[in-house]
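Here is my note on the model. Please read it with the structure open and check each point as you go.

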Amino acid sequence: MRTIELLRHEADLAYREVQSALDGVTEKQSWAVLPNHGPDYIHTDGSIQGIVLHVATCKRIYGSVAFRSTEVRWRDLAEQLDAFEPSWPAALEYLDASHAYWMSTWAGLEDKDLENEVPRA
């Protein structure tokens, strides 16, 4: 198995685990805040919804920067989030769409492409 195929497989497996963990979480539960045990910075408000949106946004930003010449900018994502927050069903749809985007950024990649350096804007 090529490296890129293994990475695709592992990304899909990890996403299925995330979906399984979120299965049955209600809108009210999505606002539950996880305790911060120590000095670690969480990048979100600590709620389940906040963490889901952070993961979804990272999938779009990282895929865009690494494989699509930075076609997506934070300001674009901020507008998308503002359009549906605080809806939990919409957050889950956004996560699904973000994962699909993340996987599409890998379409057509070969192992050698993983070694390419990309400019940082």
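Which residues have the most contacts inside the largest nonpolar core? Point 3 gives the answer, after some groundwork.

1. **Ground rules.** This is a predicted model, in which local features need pLDDT of at least 70, side-chain atom pairs count only at pLDDT 80 or more, and totals for chains, interfaces and linings use all residues. Residues are numbered from 1 along each chain as its sequence is written, and side-chain values use heavy atoms, with hydrogens and water left out.

2. **Overall layout.** The chain has five helices and zero strands. Helices (H or I, at least four residues) and strands (E, at least two) are DSSP runs, numbered from the N terminus. The pattern along the sequence is α-α-α-α-α. Along the principal axes, the C-alpha atoms fill a box of roughly 45 × 30 × 30 Å. The chain has 121 residues, and 31% of them count as buried. Buried means under 20% relative accessible area, exposed means over 50%, and partly exposed is in between (1.4 Å probe, protein chains only). Now take contacts, meaning heavy atoms within 4.5 Å. Among those with a separation of 6 or more, 68% join residues 24 or more positions apart.

3. **The largest core.** Leu53, Phe84, Trp88, Tyr94 and Leu95 have the most contacts inside the largest nonpolar core, which has 16 residues. Such a core is a set of buried Ala, Val, Leu, Ile, Met, Phe, Trp, Tyr and Cys residues joined through side-chain atoms within 4.5 Å. Helices α1 (3-22), α3, α4 and α5 each supply at least two of its residues. The most come from α5, which gives six. Look at Leu95. Leaving out residues up to four places away in sequence, Leu95 touches Tyr15, Val18, Leu22, Val52, Val55 and Ala56. Another core lies apart from this one; it has six residues, among them Ile4, Ala11, Met103 and Trp106.

4. **Aromatic pairs.** A pair of aromatic rings is described by the distance of the centres and the angle of the planes. Rings of Phe, Tyr and Trp (its six-membered ring) pair if their centres lie within 6.5 Å; planes under 30 degrees apart count as stacked, over 60 as edge-to-face and the rest as tilted. The count is three pairs. Phe67 and Trp106 are edge-to-face, with centres 6.5 Å apart and 65° between the planes. Phe67 is in helix α3 (residues 48-67) and Trp106 is in the segment after α5 (88-104), so this pair ties together parts 39 residues apart in sequence. Phe67 is partly exposed at 28% relative accessible area, while Trp106 is buried at 7%. The rings of Phe84 and Tyr94 have centres 5.3 Å apart and planes at 45°, so they count as tilted. Phe84 belongs to helix α4 (residues 74-84) and Tyr94 to helix α5, ten residues apart. Both Phe84 and Tyr94 are buried. Ring pairs also link Phe67, Trp102 and Trp106 into a cluster.

5. **A charge to check.** Where is the nearest side chain of opposite charge to Arg60? That side chain is Glu71, 9.0 Å away, and Arg60 is buried with no salt bridge. (Lys and Arg count as positive, Asp and Glu as negative; His and the chain ends are not counted.) A salt bridge needs a side-chain nitrogen of Lys or Arg within 4 Å of a carboxyl oxygen of Asp or Glu. Arg60 is found in helix α3. The side chains of Arg60 and Gln80 do share a polar contact of 3.3 Å. A polar contact is a pair of N or O atoms within 3.5 Å; within protein, one must be able to donate a hydrogen and the other to accept it, and residues adjacent in sequence count only if both atoms are side-chain atoms. Beyond four places in sequence, the contacts of Arg60 include Val72, Leu77, Tyr94 and Tyr101.

6. **Salt bridges.** How many are there by the rule above? The count is four. Arg68 bridges to Glu71, with the closest N and O atoms 3.2 Å apart. Arg68 is partly exposed at 28%, and Glu71 is partly exposed at 43%. Asp113 bridges to Lys112 at 3.4 Å. Here Asp113 is buried at 17%, whereas Lys112 is exposed at 60%. Arg2, Glu5 and Glu110 form one network through salt bridges that share partners. Within it, the side chains of Arg2 and Glu5 meet at 3.3 Å, N to O.
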